[in-house]
Amino acid sequence: MMSKWIPLWLHKLGSPPTFYRFAGTLRPWMLALALLTGAIALYGGLVMAPADYQQGDAYRIIFIHVPSAWMSLFIYGVMGFAAFLALVWRIKLAEVVAMESAPIGAAFTFITLVTGSLWGKPMWGTWWTWDARLTSELVLLFLYLGVIGLYHAFEDRRQGARAAAFLALIGIINVPIVHFSVNWWNTLHQGSTIRLLGPSTIAPGMLWPLLTMMLATKFYYLASLFGRVRTDLLDLESGKDWVRTIATGSTHQ
Amino acid sequence: MNASSLQHFLAMGGYAGYLWPAYAVFFIVLLADFFAPLLRRRRLLRELRSRLARKAVRQQRQAPTPTEPA
């Protein structure tokens with residue numbers, strides 16, 4: 001029974017007009033949750049959390065730097081998975097999700113690099129160093145930009161999506177390299193203080209705003225992705241009846 | 001929160017010059033990321049509407065007996 005209705009349900013959700021409506025319904029909720037959790041995390045991180053005994057208030061950059069870094073890897077994982085689905089089963093929605101994840105991932109990677117640089121200057125005395133963590137994160141940004149560039153380099157959008165999906169899939173090798181770089185090589189960058197298994201080595205007053213901001217960036221990703229996928233579906237399906245109905249009907253929805 | 005404690009907060013223990021630009025980058029980049037596709041969507045729908053309107057005019061000229069599509 002299950003195996004019969006789940007693919008049907010997925011199949012329906014995978015159809016562009018259905019997903020367009022589904023994403024349109026969920027997007028404002030995701031945005032509201034992102035703003036709410038983000039505001040709580042900001043208050044917790046900037047106002048309530050105590051100053052660090054070594055770094056003073058400079059460490060407060062952590063509340064945007066680390067969630068952004070997590071998102072830069074998480075979104076790459078989603079993009080790689082969607083790229084795999086797109087290449088193997090040629091699902092149009094998977095192509096769109098993969099291609100529209102790339103700019104959001106690039107945005108978070110850029111934020112990670114810039115905020116890290118602004119944190120590094122007062123703490124390490126340098127804006128940048130060519131060590132494993134920083135270099136592999138920069139490679140991650142170039143991979144995202146490569147995927148975006150390749151997607152737009154083709155006259156035929158779907159052909160471009162397939163080429164870019166292939167690049168996205170190869171580049172997934174870089175994700176564990178970024179993650180484990182602080183363990184594998186000597187680096188200025190500090191190791192992880194938050195662990196899924198075993199105790200985290202961070203004060204609870206600093207941990208909860210960090211985790212709340214992580215939640216906020218996840219919600220933001222969904223809100224942004226839904227908006228982007230809706231736009232891309234309109235573009236890809238502009239000859240279809242359902243898009244025509246939206247265009248000629250009300251300007252919203 | 002009075003003026004001096006606000007000043008204390010904004011000073012961020014002397015790291016204001018690093019901390020606030022970092023937060024500004026975070027918000028500016030995400031705002032741009034959020035609004036870019038919404039603007040693109042509006043432009044797409046506008047183009048599609050004008051394309052449909054042109055097509056409708058062309059069809060009316062070719063066929064003197066107008067057939068109204070559903």
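A:Glu237 and A:Lys240 form a salt bridge in which the closest N and O atoms are 3.0 Å apart, where a salt bridge is a side-chain nitrogen of Lys or Arg within 4 Å of a carboxyl oxygen of Asp or Glu. With a relative accessible area of 4%, A:Glu237 is buried, whereas A:Lys240, at 41%, counts as partly exposed; buried means under 20% relative accessible area, exposed over 50%, and partly exposed in between, with a 1.4 Å probe and protein chains only.

This is a predicted model, in which local features need pLDDT of at least 70 and side-chain atom pairs count only at pLDDT 80 or more, while totals for chains, interfaces and linings use all residues. Residues are numbered from 1 along each chain as its sequence is written, chains are lettered from A and ligands numbered from 1 in the order in which they are written, and side-chain values use heavy atoms, with hydrogens and water left out.

Over all chains, the count comes to 13 salt bridges, and the table sets out some of them.

| Acidic residue | Basic residue | Closest N and O atoms |
|---|---|---|
| A:Glu237 | A:Lys240 | 3.0 Å |
| A:Glu95 | A:Arg162 | 3.8 Å |
| A:Asp232 | A:Arg157 | 3.0 Å |

The salt bridge between A:Arg157 and A:Asp232 links distant parts of the chain, with A:Arg157 in helix 6 of chain A and A:Asp232 in helix 8 (residues 204–236) of chain A, 75 residues apart. Helices are DSSP runs (H or I, at least four residues), as are strands (E, at least two), and both are numbered from the N terminus. A:Asp232 counts as buried because its relative accessibility is 0%, while A:Arg157 is partly exposed at 22%. Both residues also belong to a network of salt bridges that includes A:Asp235 and B:Arg40.

The salt bridge between A:Glu95 and A:Arg162 likewise links distant parts of the chain, here helix 4 (residues 92–124) and helix 6 (residues 157–171) of chain A, the two residues being 67 residues apart. A:Glu95 is buried at 4% relative accessibility, and A:Arg162 is partly exposed at 24%.

On the surface, A:Leu36, A:Ile40, A:Tyr43, A:Val47, A:Met48 and A:Trp208 make a nonpolar patch of about 590 Å². Helix 2 (residues 16–48) of chain A gives the most to this patch, with five residues; among the residues of helix 2 is A:Ile40, which is partly exposed at 41% relative accessibility. Patches are made of residues with over 30% relative accessible area and no salt bridge, like charges being joined within 9 Å and nonpolar side chains (Val, Leu, Ile, Met, Phe, Trp, Tyr) within 5 Å. Accessible areas come from the Shrake-Rupley method with a 1.4 Å probe, and for residues only the protein chains shown count as cover.
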